[in-house]
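Me: I would like a close look at a single residue of this model, followed by a connected account of the sheets and charged pairs in the rest of the chain.

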Amino acid sequence: RGLEHQSRWPERLGRPSVARPRPGSPLVWFHAVSLGEGMAALPVVFHCARLHPGLPILLTTTTLSAFKVIKDLLPDVVIYQFAPLDCPDAIESFIGYWKPSLILLMESELWPNLIMSAAEKGIAVALLNARMSLKSLNRWSVPLGLPLVSLMLSKLSLVIPLSTIQAVRFQLLHTPPNKIHFAGDLKYAVGDVEVREKELNTIKDLQRQFNDRPIWMAASVHRGEEEVILRVHGELIKAYPSLLLILVPRHPQDIKNVSLALKKHKVNFVLRSTMELVSINTRVYVVDTLGELRMLYRVTPIAVVGGSFLPSLSGHNFSEAAAAGCAVLTGPHVGHFYHMLVEMWQINPLAVKQLTGEAELLEVLKELLGDSKALEARQGAAKDAFSIMSHGVVNRVWNLVSRFAIDSQQKRGIVD
């Protein structure tokens, strides 16, 4: 289905595509499933590389979209591979070759064969930004599932949950309480990843093309949401004829649907991949490329974070938009990002605006486009909330990893 790398798929079976550096030395293995989790892992990867120069670091992800973006963001010292399938042969082959001394899993990557194999070999495993959906909790809580998940969770050295609710869910599945510790949400640290020189040049180029026009952005838009966004944009243009919308679909394969919707609405648009310049007649700038969202937040004053306007969806990380100083708006369906919403509201109620739906989205956008003081207040509140929430989270996470995972390995003589 086009979801595998044409030449690197054998890595799924635990077959390496590069040599392991310094055979016999310690190695830290980070694993994240997709782009969002991979981006959340990067600040910790960088931190580990800074603290331990020369230490081999391996990062794996599952999805092809994560590979396409993250491979270009990693420092040279980090090895990138696709994660092995969670079946005994692939796991044994992978661990047997790479011989990690520490495994750091992101969010909800609970794989029984991986965790049990690591435990048998005395390898410490930690779960960072740990979360358990209500659906997963119910599935694991059945009589057949609970003994398996309880055994698996007992093998972890450390669980760092996203929130108190997540901590309770892990405890309900019999995670030993002494292994659960709080540090904050690593997704706040994503916005702190340094903007590269190439991105700065792109930002300047886009700003020249946009030519001081009023702008808003709809990011991570899922299939079906583009209709909501385009209807709202159509109404806004009546009041602001030069208004430009930056539309960023969540999945590149949805570009065809987005293009059809734009043609149906008879909207003049440009695709980013074509490198066509934005003209005064361009109404929508469609970003059909990967890995540029963080950069794009820096060219728009208003960011609407999608994946949140349809009941079947569960939101996306809006801290990146806050880090860039956008006025941040999101829809009613935010899933496990609700804890982030609440934390930012506690710092400043203006930090993020959660909308009830399409009508309120139109109303709030009209207000922000027409009232510079209201816009600046929301931009400042978002940036301040991000700064407060992100401060020190990577240090706290790594201190816990050092205390509960690395220390246990040192006691066993596995890590020097």
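In which loop is the place of Thr-175, and between which helices does that loop run?

Reply: In this predicted model, Thr-175 belongs to the loop that connects helix 7 (164-172) with helix 8 (197-210). With a relative accessible area of 3%, Thr-175 falls under the 20% limit and therefore counts as buried. A polar atom of its side chain lies 2.8 Å from the backbone oxygen of Phe-170. Phe-170 also appears among the residues that Thr-175 touches, together with Leu-153, Val-159 and Ile-180, when residues up to four places away in sequence are not counted.

One of these contacts, Val-159, leads to the sheet that contains strand 6 (158-161). That sheet is open and has six strands in the order 3-2-1-4-5-6, with parallel pairing. Strand 3 (78-82) and strand 6 are its edges, and each has a single partner strand, so one side of each is left without a neighbour in the sheet. From one strand to the next, the twist averages 20°. The partner of strand 6 is strand 5 (residues 124-130), and the two pair in the parallel sense over three bridges; within this pairing, Ala-130 stands opposite Pro-161 of strand 6. As a general matter, the strands of a sheet pair through backbone hydrogen bonds, in either a parallel or an antiparallel sense. Helix 4 (residues 112-120) lies across strand 1 (28-32), strand 4 (102-106) and strand 5, and runs at about 155° to strand 4.

A second open sheet has seven strands, in the order 9-10-8-7-11-12-13, and its pairing is also parallel. Here the edges are strand 9 and strand 13 (352-354), each of which pairs on one side only. The twist in this sheet averages 20° from one strand to the next. Strand 11 (residues 302-305) and strand 12 (residues 327-330) pair in the parallel sense over four bridges, and Val-304 stands opposite Leu-329 of strand 12. Helix 10 packs on this sheet, where it touches strand 8 (244-249), strand 9 and strand 10, and the direction of helix 10 makes about 160° with that of strand 9.

Turning to the charged side chains, the count comes to 15 salt bridges. In general, side chains of opposite charge can pair when their charged atoms come close. One of the salt bridges involves helix 10 again: Glu-227 pairs with Lys-264, and the closest N and O atoms are 3.2 Å apart. This pair links distant parts of the chain, with Glu-227 in helix 9 (residues 225-239) and Lys-264 in helix 10 (residues 255-264), 37 residues apart. The two ends have unlike surroundings by accessible area, since Glu-227 has 19% relative accessibility and counts as buried, whereas Lys-264 has 59% and is exposed.

Another salt bridge joins Arg-272 and Glu-292, with their closest N and O atoms 2.6 Å apart. This pair, too, links distant parts of the chain: Arg-272 is in the loop between strand 9 (269-271) and strand 10 (284-286), Glu-292 is in the loop between strand 10 and helix 11 (293-296), and the separation is 20 residues. Arg-272 is buried, with a relative accessible area of 9%, and Glu-292 is buried as well, with 19%; the latter value lies within the buried class because that class takes in values under 20%.

A further pair is formed by Arg-12 and Glu-4, whose side chains meet in a salt bridge at 2.9 Å, N to O. Arg-12 counts as buried at 9% relative accessibility, while Glu-4 counts as partly exposed at 43%. Beyond these individual pairs, Glu-37, Glu-107, Arg-131 and Lys-187 are linked in a network of salt bridges.

As for the whole protein, there are 16 helices and 13 strands. The radius of gyration is 22 Å, which agrees with the value near 22 Å that a compact globule of 416 residues would have. Along the principal axes, the C-alpha atoms fill a box of roughly 70 × 40 × 40 Å. Of the 416 residues, 56% count as buried, and Thr-175, at 3% relative accessible area, is one of the buried residues. Among contacts with a separation of 6 or more, residues 24 or more positions apart account for 69%.

Methods. Residues are numbered from 1 along each chain as its sequence is written. This is a predicted model: local features need pLDDT of at least 70, side-chain atom pairs count only at pLDDT 80 or more; totals for chains, interfaces and linings use all residues. Side-chain values use heavy atoms; hydrogens and water are left out. Buried means under 20% relative accessible area, exposed over 50%, partly exposed in between (1.4 Å probe, protein chains only). A polar contact is a pair of N or O atoms within 3.5 Å; within protein, one must be able to donate a hydrogen and the other to accept it, and residues adjacent in sequence count only if both atoms are side-chain atoms. Contact means heavy atoms within 4.5 Å. Two strands pair if DSSP finds at least two bridges between them. Axes are lines fitted to C-alpha atoms, for helices over the stretch in contact, and angles run from 0 to 180 degrees between N-to-C directions. A salt bridge is a side-chain nitrogen of Lys or Arg within 4 Å of a carboxyl oxygen of Asp or Glu. The radius of gyration is taken over C-alpha atoms; the globule rule is 2.2 Å times the number of residues to the power 0.38.
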